[in-house]
Protein chains: 2
Amino acid sequence: MRSYHQFCGLAKALDLVGDRWTLLIVRELLLQGPARYSDLQRGLPGIATNLLGTRLRELVARGIVERRESAPPVATPLFALTAWGEELRPIVLALGRWAGRTLISPAPRDRVRSHWLALPLEHLLVDRTPQRAPVHIELRTGERPVTLEVAGEVRVHTRRSERPDAVLIAPPHVIIALLAGRLTLAAARARGLRLEGDASALKRVRPSSTGRRSTVPVTSGTYGPARPAPVRAR
Amino acid sequence: MRSYHQFCGLAKALDLVGDRWTLLIVRELLLQGPARYSDLQRGLPGIATNLLGTRLRELVARGIVERRESAPPVATPLFALTAWGEELRPIVLALGRWAGRTLISPAPRDRVRSHWLALPLEHLLVDRTPQRAPVHIELRTGERPVTLEVAGEVRVHTRRSERPDAVLIAPPHVIIALLAGRLTLAAARARGLRLEGDASALKRVRPSSTGRRSTVPVTSGTYGPARPAPVRAR
DNA sequence: CAGCATCCGCTTTGATACTG
DNA sequence: CAGTATCAAAGCGGATGCTG
């Protein structure tokens with residue numbers, strides 16, 4: 001991208017991550033953690049492969065992403081955010097939250113990925129007993145599973161946990177409603193939730209009290225009980 | 001811009017403000033408050049006139065900016081952020097802060113405007129006595145003046161205050177160093193500061209204690225005492 | 001003159017094809 | 001799987017011109 005050539009932090013930020021697709025690539029890396037090229041492609045429907053390649057090269061050159069060559073025998077390179085790149089997390093969250101009011105329901109041409117909806121969960125959920133040992137909760141809904149890492153704060157990523165303490169299997173709107181506190185466990189079960197593992201792990205997370213508006217992007221009709229989830233299955 | 005067609009808050013945010021120049025226009029409106037077309041042009045060196053027109057139309061259509069036709073006799077239309085647009089303020093600040101580490105010194109082709117540097121001041125400064133009546137401090141440095149509105153929190157804008165409680169006249173690096181607490185008032189005077197009005201108004205603001213890193217974008221050599229300020233004098 | 005709209009050459013993007 | 005190569009279409013930047 002052409003630089004703005006303005007000596008201003010915002011202009012420099014846009015020089016760095018203002019290109020088309022760039023922040024969405026960062027979103028995927030925030031959600032997926034270290035990811036392969038094809039993992040990124042899957043999370044970025046619509047991107048042209050040459051653009052993904054170009055953007056990754058630029059991000060690496062700028063120090064926002066690092067490319068890790070894996071073990072010599074087989075395996076493929078992984079892309080991961082640098083520490084600096086990770087610092088974009090609150091900004092990406094805030095931007096998503098800012099635009100959340102427009103997320104009423106998917107437009108006809110809109111692609112949906114369930115892990116995208118997991119991003120606001122970080123904002124919505126709070127660890128009630130931060131001093132205890134970390135707990136992993138796996139959510140299976142739609143495509144690939146999403147893991148909630150509850151360890152003082154709540155982190156969401158798409159890596160499958162080694163040994164999750166609890167596994168929730170349900171359509172997105174049920175999982176969201178349950179985690180947002182709008183459904184009891186029993187009510188969620190009645191709507192198709194299957195829970196494996198330790199139910200008490202669930203009690204550890206609860207919606208943060210800042211939820212009044214922050215729930216809007218998540219709920220706002222789209223994943224309300226009245227409507228089937230628009231997530232395309234796998 | 002083409003939509004990403006992704007049902008995700010971040011993607012929708014980028015559909016709304018991800019175009020080239022759009023967030024910089026928001027920056028100007030955050031800093032200037034309601035502004036005329038030509039005021040915006042002045043704060044956006046490098047923008048093509050047709051793009052500014054197009055972007056403003058898009059921002060109005062999207063509900064982020066409103067266009068106010070002024071009084072019938074003469075006067076020109078004003079552009080202002082809507083309440084929703086104002087909510088971008090912390091995001092724009094955070095983005096600028098994120099990229100702050102790259103603001104070592106202006107590149108040869110970089111344009112500089114002193115009011116851009118005022119943006120991080122909002123982040124840096126804190127009102128020590130929030131319960132007292134608001135105080136206005138006018139900063140004159142380089143081009144047009146910038147006003148600090150100290151009223152519980154600190155807001156920066158480029159409107160000239162009606163009756164400022166204090167006026168600081170000095171090159172940018174002296175003003176920044178003074179406000180960042182790196183120069184005493186006496187030392188600043190020795191470096192060319194002129195202070196008019198109520199000196200005690202100055203005591204009311206102080207650098208926030210989160211300054212360890214946040215000062216980097218502001219200081220980091222660029223406006224340090226050793227180097228003349230690169231702001232082009234009007 | 002402020003506030004735009006039009007025109008045109010150039011750059012970036014998007015879709016697809018192709019290769020190690 | 002992990003990209004590069006190719007090419008058409010769209011977007012941008014700069015100049016210029018029109019209108020109150």
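In the predicted model, 18 residues surround DNA strand D, and those that come nearest are Thr49(A), Arg67(A), Thr76(A), Arg20(B) and Leu51(B); a residue is taken as near a molecule or strand if one of its heavy atoms lies within 4 Å of it. Residues are numbered from 1 along each chain as its sequence is written, and chains are lettered from A and ligands numbered from 1 in the order in which they are written. Because the model is predicted, local features need pLDDT of at least 70 and side-chain atom pairs count only at pLDDT 80 or more, whereas totals for chains, interfaces and linings use all residues; side-chain values use heavy atoms, with hydrogens and water left out.

Sugar or phosphate accounts for 74% of the atoms of DNA strand D within 4 Å of the protein, and bases for the rest. The surface near this strand comprises 6 nonpolar, 6 polar and 6 charged residues, where Ala, Val, Leu, Ile, Met, Phe, Trp, Tyr, Cys and Pro count as nonpolar, Asp, Glu, Lys and Arg as charged, and the others, Gly among them, as polar. At least two residues of the surface near DNA strand D come from each of α3 (37-43) and α4 (49-61) of chain A and α4 (49-61) of chain B. Helices are DSSP runs (H or I, at least four residues), numbered from the N terminus. Phosphate oxygens of DNA strand D lie 2.7 Å from a polar side-chain atom of Ser38(A) and 2.6 Å from a polar side-chain atom of Arg67(A). At the bases, an N or O atom in the side chain of Asn50(B) is 3.0 Å from a base oxygen of DNA strand D.

DNA strand C is surrounded by 20 residues, the closest being Arg20(A), Asn50(A), Thr49(B), Arg57(B) and Thr76(B). Of its atoms within 4 Å of the protein, 63% belong to sugar or phosphate and the rest to bases. The surface near DNA strand C contains 6 nonpolar, 7 polar and 7 charged residues. A polar side-chain atom of Asn50(B) is placed 3.5 Å from a base nitrogen of DNA strand C. For phosphate oxygens of DNA strand C, the corresponding distances are 2.5 Å from Arg20(A) and 2.7 Å from Arg57(B). Two or more residues of the surface near DNA strand C are given by α4 of chain A and by α3 and α4 of chain B. The most, 4 residues, come from α4(A).

The two protein chains were compared by superposition (least squares on the C-alpha atoms of residues with pLDDT of at least 70 in both). A turn of 180 degrees, with a shift of 0.0 Å along the axis, lays chain B on chain A with an RMSD of 0.1 Å. The copies are thus related as by a two-fold rotation axis. Within chain B, the residue closest to the rotation axis is Ile91(B), with its C-alpha at 3.1 Å. Of the interface residues of chain B, 100% are also interface residues in chain A, so the copies meet through the same surface; contact here means heavy atoms within 4.5 Å.

Over all chains, 30 salt bridges are found, each defined as a side-chain nitrogen of Lys or Arg within 4 Å of a carboxyl oxygen of Asp or Glu. In one of these, the closest N and O atoms of Glu122(A) and Arg89(A) are 2.7 Å apart. This pair links distant parts of the chain, with Glu122(A) in helix α7 (residues 114-124) and Arg89(A) in helix α6 (residues 89-98) of chain A, 33 residues apart. Glu122(A) is buried at 10% relative accessibility, and Arg89(A) is buried at 7%; buried means under 20% relative accessible area, exposed over 50%, and partly exposed in between (1.4 Å probe, protein chains only).

A salt bridge also joins Glu196(A) and Arg194(A), at 2.7 Å from N to O. Glu196(A) is partly exposed, at 31%, as is Arg194(A), at 49%. In chain B, Arg42(B) and Asp39(B) form a salt bridge with closest N and O atoms 3.2 Å apart. These residues are 3 residues apart in helix α3 (residues 37-43) of chain B and are therefore separated by about one helical turn. Arg42(B) is partly exposed at 39% relative accessibility, whereas Asp39(B) is buried at 9%. In chain A, a network of salt bridges links Arg36(A), Asp39(A) and Arg42(A).

Helix α8 (residues 172-179) of chain A is mostly covered, with 8 of its 8 residues buried. Just after α8(A), Gly181(A) adopts a positive phi of about 80 degrees.

Definitions and conventions: Polar contact = N/O pair within 3.5 Å; in protein donor to acceptor, adjacent residues only side chain to side chain.
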